[in-house]
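Visitor: I'd like a quick tour of this one. Could you walk me through it?

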Amino acid sequence: SCAVCHGPLGVSSAPDAPSLAGQPELYLAAQLRAYRSGARRHEVMNVIAKPLTDDEIASLARWYNSIRIEARAPN
């Protein structure tokens, strides 16, 4: 379900969804836990994060962190 907004490889094309590829693992895990608990509010993310276990959150954070992206200047 993450790919719908954040892209299949964590690079979002949606204007209101951040890219997750390459983000720090600790940051991603903390944000998912905050969405799950309701400490961070977003009507879609709160619903998506609510059923996630700690292990699932850790796996998602680790996977998105492992994706390497490269920024290039336009030609």
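Guide: Sure, with one definition to begin: on a 1 Å grid over the protein atoms alone, a pocket is an open set of points where a 1.4 Å probe fits, with protein on both sides within 12 Å along at least five of seven lines, and lining residues have an atom within 4 Å of a point. This is a predicted model, where local features need pLDDT of at least 70, side-chain atom pairs count only at pLDDT 80 or more, and totals for chains, interfaces and linings use all residues. Residues are numbered from 1 along each chain as its sequence is written, and side-chain values use heavy atoms, with hydrogens and water left out.

Visitor: Which residues lie nearest the centre of the largest pocket?

Guide: The lining of the largest pocket comes to 25 residues. Nearest its centre are H6, P18, L20, Y35 and M45.

Visitor: Which element gives the most to that lining?

Guide: Helices here are DSSP runs (H or I, at least four residues), numbered from the N terminus. Those giving two or more residues to the lining are α1 (2-6), α2 (25-37), α3 (43-49) and α4 (54-66). With 5 residues, the top contributor is α2.

Visitor: Is Y64 buried or exposed?

Guide: Buried means under 20% relative accessible area, exposed over 50%, and partly exposed in between (1.4 Å probe, protein chains only). W63 has 40%, so W63 is partly exposed. Y64 has a relative accessible area of 6%, so Y64 is buried.

Visitor: Which residues of α4 are buried?

Guide: Going by the directions from the helix axis to the C-beta atoms, the buried residues of α4 fall within an arc of 100°, so they line one face of the helix. They are I57, A61, Y64 and N65.
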